[in-house]
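The following paragraphs are intended to be read alongside the sequence and the coordinates. They proceed from charged pairs to helices and then to backbone angles.

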Amino acid sequence: MTLRQAGPEDLDQVMAVERACFGTREAGDRQAWSRAAWRSELQSNDRVHHRVAVDTDPEASGTVSGPSGTDSGAVGTDSARQEAATPTTGRLVLIEEDRTGPRAVADFSHVIDSCDLDRIMVVPAARGAGMAGRLLRHGMGWAARRGARQILLEVRPDNLAALALYRSHGFDQIARRNHYYGTGEDALVMSASLESCADDTTSTAGSNEERHV
């Protein structure tokens, strides 16, 4: 098995997993994401915006740290120089595959101190092998290292397998959204802390690295 970050070139593979799990919009499956929606997700994957550290010392010359944490050329205090720029937004799409093709996909979005799990799906033939948990842990570690403190998701109340997975990873229900999936189809909103995830050295697939699992 290989777990890696997906890119625009993986659109067909991602759509194969989407169809296996949710069908297609063209066939009237309301839960399915369109090809255009996934293209947009993959094109924004790994685009990161950074918080810029500005020295506010009145005696300094306005030192600004660039995205890599290096000085922009102005003179400032040592503390300003040492403060690395922190990414404030980003997106991570992960794909897990074997010799037969793609088996699972997950989509995470990070904004300042929060992360959303926007999609996680495993093809029926590969369920029960721990792939969803592996994807979830990688995404949580990725978000934590970028400064996110919590992760949020929505799930159907009758999706018992998903609920068990999320609870085993520290998620608790915090709200219920009526008619989220359509008339009479509510969603449970769940949240988990990411405080203990930043030091998870096994969660590195968000750095364009492949992991063989």
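Glu-96 has a relative accessible area of 0% and is therefore buried, the cut-off for that class being under 20%. In this predicted model, the side chain of Glu-96 meets that of Arg-134 in a salt bridge, with N and O 2.6 Å apart. Arg-134 belongs to helix α4 (residues 131-145) and Glu-96 to strand β3, so the salt bridge ties together parts of the chain that lie 38 residues apart in sequence. Is Arg-134 buried or exposed? Because its relative accessibility is 19%, Arg-134 counts as buried.

Helix α4, which carries Arg-134, merits attention as a whole. Of its 15 residues, 13 are buried, so α4 is largely enclosed by the rest of the structure. Its length can also be checked: at 1.5 Å a residue, α4 should span 21 Å, and its end C-alpha atoms are 22 Å apart, which agrees. Just after α4, Gly-147 takes a positive phi of about 100°.

Strand β3 (residues 86-98) also contains Arg-91, which pairs with Asp-118 of strand β5 (residues 114-122) across 27 residues of the chain. The N to O distance in this salt bridge is 3.2 Å. The two partners fall into separate accessibility classes: Arg-91 is buried, with a relative accessible area of 16%, whereas Asp-118, at 30%, counts as partly exposed. Which residues make up the network of salt bridges that includes Arg-91? Glu-41, Arg-91, Asp-107 and Asp-118 are linked in it.

A further salt bridge joins Arg-35 to Asp-12, with their closest N and O atoms 2.5 Å apart. Here the link is between two helices, since Arg-35 lies in α2 (residues 35-44) and Asp-12 in α1 (residues 11-22), 23 residues apart. Arg-35 has a relative accessibility of 35% and counts as partly exposed. In the whole structure, a search finds 12 salt bridges.

Helix α5 (residues 160-168) shows how burial can be distributed around a helix. Ala-162, Leu-163, Leu-165 and Tyr-166 are buried in α5. These four residues cover an arc of only 160° around the axis, which puts them on the same side of the helix. The general geometry of an α-helix is relevant here: there are 3.6 residues a turn, so residues three or four places apart point the same way. On the other side of α5, Leu-160, Ala-161, Arg-167 and Ser-168 are exposed. What covers the buried residues of α5? The covering elements include β5, α4, β6 (150-155) and β8 (185-193). Two of the elements discussed above thus return here, since β5 holds Asp-118 and α4 holds Arg-134. Just after α5, Gly-170 takes a positive phi of about 90°.

The last topic is the backbone. Most residues other than glycine have a negative phi. Ile-112 nevertheless has a positive phi of about 55°, although it is not a glycine. Ile-112 is found in the loop between β4 (101-111) and β5, and it is partly exposed, with a relative accessible area of 46%. Where does His-179 lie? His-179 is in strand β7 (residues 172-182), and its phi is near 60°, a positive value in a residue other than glycine. At 49% relative accessibility, His-179 counts as partly exposed, because the exposed class requires over 50%.

Technical notes. Residues numbered from 1 in each chain as written. Predicted model: local features only at pLDDT ≥ 70, side-chain atom pairs only at ≥ 80, totals over all residues. Heavy atoms only, no water. Salt bridge = Lys/Arg side-chain N within 4 Å of Asp/Glu carboxyl O. Buried < 20%, exposed > 50% of the residue type's maximum accessible area, 1.4 Å probe, protein only. Expected span 1.5 Å × (residues − 1). Arc of directions from axis to C-beta. Contact = heavy atoms within 4.5 Å.
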